[in-house]
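Open the model in your viewer and keep the selection tool at hand. The stops below go from the whole chain to single residues and then to a pocket.

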Amino acid sequence: SGKPGSDVYGKPIDPKEPDNFSIPAGQGVEILEDGHLAIASEDGAISTQGQLISVIKVYPVSGNISYRTGNISFKGTVDISGDVQTGFQVKADGDILVNGLVEGALLEAGGDIMILGGFQGGGKGTLKAGGSIKVRFANEGTLEAEQDVVANVHLLNCSIRAGNEIRVVDPKGVIAGGDNRAGREIFAAYLGTDLGVKTNIQIGLPDDPAAEIHSTEKEIEETTQNLAQVEEVLMSLEQYKTEQGNLPRDREEDRIRTVREQFAIMGNLGKQNKRLVQQKGEQDSALNGKVTAKLMAYSGVTIRFPGNAFLAKNDLKYTYFKSVDGEIRKGVL
């Protein structure tokens, strides 16, 4: 409440009683301290639309991502009504939806990326998604998705890494040029072009999965040997403690340090074993994968599976490719 004042004659003037006011809390806002404090109860952006203060999980951007807006980083989903211009970045923990065109920009999403107007990377643009990437088309860009990369029309001269599949859904859809790698399946009506453009179509993301597996197995072997040496030191110290009843201060410090080293090595060994299981699973998935050219695989296209490659020297109609008994086999649809 206010403090009493006085008029020009020195007579006191009492302050008016303040109006009671409560914070108009909406979704994602929690009220504390008897209504005097509002805090966000979830990640998102503050919205004051309407009569309420809310935290929203979708951040709408009207127009283009440009010098007007600057870069965007948001703990939720970003919905852009316009384009994303060259040189700008959009990062979201959730999804990213672009209703226009993405140029040579960087988009990173914890979830999916959807671009309704297409991706014109210009050799600079990069899309990274923890889920899938869906575009109308993509030209000269980098696309990396933990799940799928799906285009409506074409994928031209791109570098693509998809954990599951790459697919162009149009009945005359094209994958041509660039380096296109998927963990399980690649599908399009046309692979390559009638001009013989060099096009890499690869099932399995690493160049040499067997070499990566061998390297990890060697790391595990070395780590296991280190762990055995550390455990031998600990056993020696424990034996000394049992025989003498106690450890000198310097030996006790050695024991504590060695125990910490043991836990660190065990943690590292666990990560290496987990990576090995993942690598072997990915290799098995790739060996059981499939490449489909529904209408044509043109000459100049190279089909790769783990440990094998097939270069198309002639145009091949209605063809699919699989790895069978260590060899790449062609089939007719």
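Begin with contacts across the whole chain. Of the contacts with a separation of 6 or more, 23% are between residues 24 or more positions apart. Keep in mind that this is a predicted model.

**The whole chain**

Colour the chain by secondary structure. The count comes to 2 helices and 29 strands. Next, colour by burial: of the 333 residues in the chain, 38% are buried. Now switch on the surface. Its accessible area is about 19,200 Å², and carbon and sulfur atoms hold 48% of that area.

**Helix 1**

Select residues 209-244, which form helix 1. How far apart are its end C-alpha atoms? They are 53 Å apart. With 36 residues at 1.5 Å a residue, the expected span is 52 Å, so the two values agree.

Stay on helix 1 and show the side chains of its buried residues. These are Pro209, Ile213, Thr216, Ile220, Thr223, Leu227, Val230, Leu234 and Leu237. What do they pack against? Select residues 249-287: this is helix 2, and the buried residues of helix 1 pack against it.

Before moving on, click the residue that follows helix 1. It is Gly245, and its phi is positive, near 85°.

**A residue of helix 2**

Select Ala264, which lies in helix 2. Is Ala264 buried or exposed? Its relative accessibility is 52%, and the cut-off for exposed is over 50%, so Ala264 counts as exposed.

Add Leu227 to the selection, one of the buried residues of helix 1. Along the chain, Leu227 and Ala264 are 37 residues apart, and a distance drawn between their C-alpha atoms reads 9.5 Å.

**The largest pocket**

Clear the selection and pick Gly163, Gly183, Leu205, Gln278 and Glu282. Among the 21 residues that line the largest pocket, these lie nearest its centre. The volume of this pocket is about 380 Å³.

Which elements each supply at least two residues of the lining? They are strand 17 (residues 142-145), helix 1 and helix 2. Highlight helix 2 again: the largest share of the lining, 6 residues, comes from there.

Finally, colour the lining by residue class. The lining divides into 7 nonpolar, 8 polar and 6 charged residues.

Note on methods
Residues numbered from 1 in each chain as written. Predicted model: local features only at pLDDT ≥ 70, side-chain atom pairs only at ≥ 80, totals over all residues. Heavy atoms only, no water. Helix = DSSP H or I, 4+ residues; strand = E, 2+ residues; numbered from the N terminus. Expected span 1.5 Å × (residues − 1). Buried < 20%, exposed > 50% of the residue type's maximum accessible area, 1.4 Å probe, protein only. Contact = heavy atoms within 4.5 Å. Areas by Shrake-Rupley, 256 points an atom, 1.4 Å probe, with all protein chains shown as cover. 1 Å grid on protein atoms, 1.4 Å probe; cavity = no way out; pocket = protein on both sides within 12 Å on 5 of 7 lines; lining within 4 Å. Points joined across faces, edges and corners; volume = space filled by probe spheres on them. Nonpolar A, V, L, I, M, F, W, Y, C, P; charged D, E, K, R; others polar.
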